[in-house]
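Me: I should like a close look at a single part of this protein, namely its sheet. Please describe how the strands are arranged and how that part sits within the whole chain.

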Amino acid sequence: MKKLLMAGGVAALIMGMSSCSSSTSSSSTDKGLTDSIATYLGKVQGSYYSERVTSLPESEQQKFKKQSFLRGLKQVLEADTSDMAYMIGLQVGTGMAESLNQFSQQGVDINRKAVYDEFAKSFLADSVDQAQLMEAQTTFQQLMNQAQQLIQQKQMEKRQAELAKVPERKEEGKKYVDDIKSNDPSVVTSESGLSYKVVEQGSGATPQDGDRVRVKYTGKLPDGTVFDSNESAVFGVNGVIPGFAEGLKMMNPGSKYVLYIPSDLGYGDQGNPTIPGGSTLVFDVEVLEILP
């Protein structure tokens with residue numbers, strides 16, 4: 001997930017305030033004004049970040065715990081900001097933690113206590129021996145190269161394990177759609193292999209290659225896992241997976257379809273970060289508007 005940045009206007013306001021002369025004592029400050037700023041700064045920023053969270057894919061929203069976010073926010077806001085060294089330590093520690101998290105996500109867990117202990121020992125030393133530092137840097141680079149090789153090996157093993165599951169997922173997807181068709185004769189399959197159900201047919205022209213459409217959709221796997229959804233998404237007909245594009249070209253504004261997309265018309269054997277390779281996709285789609 002990308003870093004969430006403070007809204008530019010409010011950030012500029014805070015920076016401007018911090019650059020003002022500090023000669024004015026707190027006793028002469030208009031408490032009503034500062035209380036109001038506190039109220040509306042919290043209100044505006046809280047709403048801003050709430051919207052940022054709801055704009056994330058549903059799979060990431062489920063991982064994002066708002067109470068954890070608030071715990072981290074509160075810890076920093078209540079920190080002794082007059083202690084510059086402490087604040088810089090927070091920033092450096094946050095950056096190092098992000099790097100260690102990236103290693104961990106790749107299957108390489110680094111002992112954080114050991115990192116801190118060696119950091120503290122070197123940081124508190126009376127001086128830095130440049131020769132020893134250069135030697136340590138060389139060794140560190142060699143270790144990083146080994147770690148990168150290990151990560152690449154783990155990634156290759158993971159890809160191979162995923163590819164081994166593709167035939168089974170394809171067969172499961174086919175059986176899933178066949179079972180639906182046997183119980184619902186309104187589900188039909190096109191020559192390409194796309195299966196679809198017309199829930200409601202709208203009116204007017206249908207989108208063509210080069211058009212853009214505004215749609216409401218929910219994407220699920222056969223087991224019911226929701227991997228994406230949007231109440232009002234705009235994209236080009238040519239910019240989506242083949243099965244979705246084929247379905248869109250049959251739908252005029254007001255149409256509601258269920259699309260059953262085999263992996264060959266979806267994300268193929270490779271899949272993507274949220275969709276396993278070989279997966280059949282199920283989309284509930286409503287076309288809201290066509291934008292030629």
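Reply:

**The sheet and its surroundings**

In this predicted model, six strands make up an open sheet, ordered 1-2-5-6-3-4, with antiparallel pairing. The edges are taken by strand 1 (188–189) and strand 4; each has a single partner strand, so one side of each is left without a neighbour in the sheet.

Strand 5 merits particular attention. The order of the sheet, 1-2-5-6-3-4, sets strand 5 between strand 2 and strand 6. Towards strand 2 (residues 195–200), strand 5 runs antiparallel and is joined by five bridges. Two facing pairs illustrate this register: tyrosine 196 is opposite leucine 259 in strand 5, and valine 198 is opposite tyrosine 257 in strand 5. Towards strand 6, strand 5 is again antiparallel, here with six bridges. In that pairing, isoleucine 261 faces leucine 281 of strand 6. Strand 5 is mostly covered, since five of its six residues are buried.

The other end of the order brings in strands 3 and 4. Strand 3 (residues 212–220) pairs with strand 4 (residues 226–236) in the antiparallel sense, over eight bridges. Within this pairing, valine 213 is placed opposite phenylalanine 235 of strand 4. Strands 3 and 4 form a hairpin, and five residues separate them. In the turn of that hairpin, glycine 224 has a positive phi of about 95°.

The connection that follows strand 5 deserves a closer look. Serine 263 is found in the loop between strand 5 (256–261) and strand 6 (281–291). With a relative accessibility of 4%, serine 263 lies under the 20% limit and therefore counts as buried. Apart from neighbours within four places in sequence, the contacts of serine 263 are Lys170, Gly268, Gly278 and Ser279.

A further residue can be related to this loop. Lysine 174 belongs to helix 7 (residues 130–183). Although lysine 174 and serine 263 are 89 residues apart along the chain, their C-alpha atoms are separated by 9.9 Å. In exposure the two can be set side by side: lysine 174 is partly exposed, with a relative accessible area of 47%, whereas serine 263 is buried at 4%.

Turning to the chain as a whole, the protein contains eight helices and six strands. Along the sequence these elements follow the pattern α-α-α-α-α-α-α-β-β-β-β-α-β-β. The radius of gyration of the protein is 27 Å, against a value near 19 Å for a compact globule of 292 residues. The C-alpha trace spans about 80 × 55 × 30 Å along its principal axes.

Of the 292 residues in the protein, 23% are buried. The exposed surface of the protein comes to about 19800 Å², with 55% of it supplied by carbon and sulfur atoms. Among contacts between residues at least 6 apart in sequence, 66% join residues at least 24 apart. As regards charge, the protein carries 29 positive and 36 negative side chains, and the centres of these two sets lie 2 Å apart.

Note on methods: Residues numbered from 1 in each chain as written. Predicted model: local features only at pLDDT ≥ 70, side-chain atom pairs only at ≥ 80, totals over all residues. Heavy atoms only, no water. Helix = DSSP H or I, 4+ residues; strand = E, 2+ residues; numbered from the N terminus. Rg over C-alpha atoms; globule rule 2.2 N^0.38 Å. Buried < 20%, exposed > 50% of the residue type's maximum accessible area, 1.4 Å probe, protein only. Contact = heavy atoms within 4.5 Å. Areas by Shrake-Rupley, 256 points an atom, 1.4 Å probe, with all protein chains shown as cover. Lys, Arg positive; Asp, Glu negative; His and termini not counted. Charge placed at Lys NZ, Arg CZ, Asp CG, Glu CD. Pairing = 2+ DSSP bridges.
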